[in-house]
Amino acid sequence: MAESRKAFVERLFAHRGALQAFFYRRLRTKSDAADLVQEVYLRMLRVSDADAILNPEAYLFTVARNLLTENAAVDRRQAEAADVGEADGMQHLLDVPGFDTALDVTQRVARLRVVLKELPPQCCAAVMLQYHHELSYQEIADRLEVSPSMVNKYLQQALSHCRRRMARLR
Amino acid sequence: MTPSNEQIRLAIAEQAIEWFVQNRGGPLDREARSRFMAWLKASPVHVGEYLAIAGLARDLDTAANTTQIPLEPLLVRAREQAHRVVPLEPSVLGHAPVTTLPRMSRVWSLAAAAALAFIAVATLWLTRDGERFGLPRTYSTGHGEQSVRALPDGSVLHLNTDSQVTVHYSRRERVVDLDRGQALFQVTHQGERGFRVAAGNTQVLDVGTQFDVYRRPGAVRVTVVEGTVAVYIGPPPMPTKPLPPAALRVGAGYQVEVRDQVGSPRPVDARGVVAWLKRQIVFENEPLGEVADEFNRYGHIAIEIEDEALRSLPITGVFDAYDVDSFVASLATMKEVVVQRTPTRIRILSRASARREPLSDTR
């Protein structure tokens, strides 16, 4: 029992989810990525007046992006070949793999194209309308003749399915 | 029953997905914003999963924009599925099921059932502690364990190795007894309802903040990461009375050591103090004796320092708390020190005494 709890703690803390993989391509080593996870988290902890942040998500992305930039700056100072590009906004940051560090972006996207077609039609349609046709949740709801909260649910199911299918590739 | 790591990670990923989809839908209202922040601040795993989902969505966006799926037929099938009503109790209603679900849907409903099972497990996991107000609850970690828990009021408790707390919540006050060990508290502010940590007779009163309390025999160390706390030695404060005049206010980035009395605050790198969250231990010119004690809190092979004089040797460095080997390896590079190692013992000797006394493992 003690061993399995220890293993649990170890996994929870040592693996620290997919963010390590998330950062992995931008950094040279896994331990750099692990440090960044902790650094992002600690900076989020330091926010004392949470109400002052109007968009916590944008704040989170900014923290992560700034850390990548700082890291890049340190690497440049050390005149080493860092695999870190210019951090030019959220889109750039999000252009980083979610899971499999062995797959490059082309392979991941190809895989997701297949996964997309496996989705139940209402989930697939919600994804296409959101990403391809750039409709709002209300507009998607109108097209599918359901409530916006159902749209919310379809999109969650879609991401959840994609995450499982991509995680299995690890 | 403890759910497996994978189930926990999936449950966290599901929460991350829920927040991510909600964020894409438009700005969160004030209440949702603060719940989202609290969720992010609860664990580095949450932050990690959230960013990972954002990365996945980015790839999905690219996939959706580089694929050909004719929209109109898709919409027709989607509406059909969305409006298919599956009778829950056909026998009760006296109807046979209208349609047999097509194969894909069956697979999906299996997936949905699995997802529900995960949510059930997650809910079980989150509420397993039956956090009812008024009932004291004990949380503890064994040797080499750590844990993170949300308390009933939304405050977060990080428990380090070999630690135990007892939580008593009443309508008037939230009290956590630190029975032993070390804990970091991220406190949710609740107006009049204070938050107090008692480590023996050392009282630490929160004024809306994050702080770390480390209780050792004969000493309590309080480190404030954010905000301010009041520290004093004595009985719990009376609800309507002001704090005792001796209560010391300690601000962010300061640490006090409480022995027979409350020491004076000294500035510290709070990052070093909370480094145990990632199982790293940070030393800055700390005596080898204390460094070894610190490792012995985590490790299974105790480090023994044979030479009194060596105990004061200053050590600086960042180490993985569970990686005694690399710590011992770096010790062995110091010229004053000799490390003698067997499968059951790690002895640290000064070079001079090592020459006199060969290693024996048969004590």
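Tyr41(A) is a good place to begin, since this residue is buried, with a relative accessible area of 0%. In this predicted model, Tyr41(A) belongs to helix H3 of chain A, which spans residues 30-45. A partner for orientation is Leu60(A): the two residues are separated by 19 positions in sequence, and their C-alpha atoms lie 9.1 Å apart in space.

From chain A the view can move across to chain B, by way of a pair of helices. Helix H6 of chain A (residues 105-118) meets helix H3 of chain B (residues 44-65), with axes that come within 8 Å and cross at roughly 70°. An angle between 65 and 115 degrees counts as roughly perpendicular, and H6(A) is therefore roughly perpendicular to H3(B). On the side of H6(A), the contact is made by Val105(A), Arg108(A), Val109(A), Leu112(A), Arg113(A) and Leu116(A). H3(B) contributes Leu56(B), Asp59(B), Leu60(B), Thr62(B), Ala63(B) and Ala64(B) to this contact.

Chain B itself holds 10 helices and 18 strands. Of its 363 residues, 47% are buried. The chain exposes about 17900 Å², and 55% of that area is supplied by carbon and sulfur atoms. Contacts across the sequence can be described too: among those in chain B that link residues at least 6 apart in sequence, 48% join residues at least 24 apart.

Within chain B, helices H8 and H9 offer a second example of packing. H8(B) covers residues 288-298, and its axis lies 11 Å from that of H9(B), at an angle of about 160°. Angles over 145 degrees count as roughly antiparallel, so this is how H8(B) and H9(B) are arranged relative to each other. The crossing of H8(B) past H9(B) is left-handed. Leu288(B), Val291(B) and Phe295(B) of H8(B) make the contact together with Val324(B), Phe327(B) and Leu331(B) of H9(B). Looking at H9(B) alone, which runs over residues 324-331, the buried residues are Val324(B), Phe327(B), Val328(B) and Leu331(B). These four sit on the same side of H9(B), because they cover an arc of only 95° around the axis.

The loop between strands S3 (156-159) and S4 (164-169) of chain B is home to Thr161(B). This threonine counts as buried, at 0% relative accessibility. Leaving aside residues up to four places away in sequence, Thr161(B) touches Thr141(B), Gly142(B), His143(B), Gly144(B), Glu145(B), Gln146(B), Arg297(B) and Tyr298(B). Asp162(B) is found in the loop between S3 and S4 as well. At 28% relative accessibility, Asp162(B) counts as partly exposed.

The backbone of this loop also deserves a look. Most residues other than glycine have a negative phi. Asp162(B), however, has a positive phi, near 50°. Chain A provides another case in Glu145(A), a residue other than glycine whose phi is positive and near 55°. Glu145(A) is placed in the loop that connects helix H8 (137-144) and helix H9 (148-167) of chain A. With a relative accessible area of 49%, Glu145(A) is partly exposed.

Conventions
Residues are numbered from 1 along each chain as its sequence is written. Chains are lettered from A and ligands numbered from 1 in the order in which they are written. This is a predicted model: local features need pLDDT of at least 70, side-chain atom pairs count only at pLDDT 80 or more; totals for chains, interfaces and linings use all residues. Side-chain values use heavy atoms; hydrogens and water are left out. Buried means under 20% relative accessible area, exposed over 50%, partly exposed in between (1.4 Å probe, protein chains only). Helices (H or I, at least four residues) and strands (E, at least two) are DSSP runs, numbered from the N terminus. The arc is that of the directions from the helix axis to the C-beta atoms. Contact means heavy atoms within 4.5 Å. Accessible areas come from the Shrake-Rupley method with a 1.4 Å probe; for residues, only the protein chains shown count as cover. Axes are lines fitted to C-alpha atoms, for helices over the stretch in contact, and angles run from 0 to 180 degrees between N-to-C directions. Angles under 35 degrees count as roughly parallel, over 145 as roughly antiparallel, 65 to 115 as roughly perpendicular and the rest as oblique. A crossing is left-handed if the near helix is turned anticlockwise from the far one by less than a right angle, and right-handed if clockwise.
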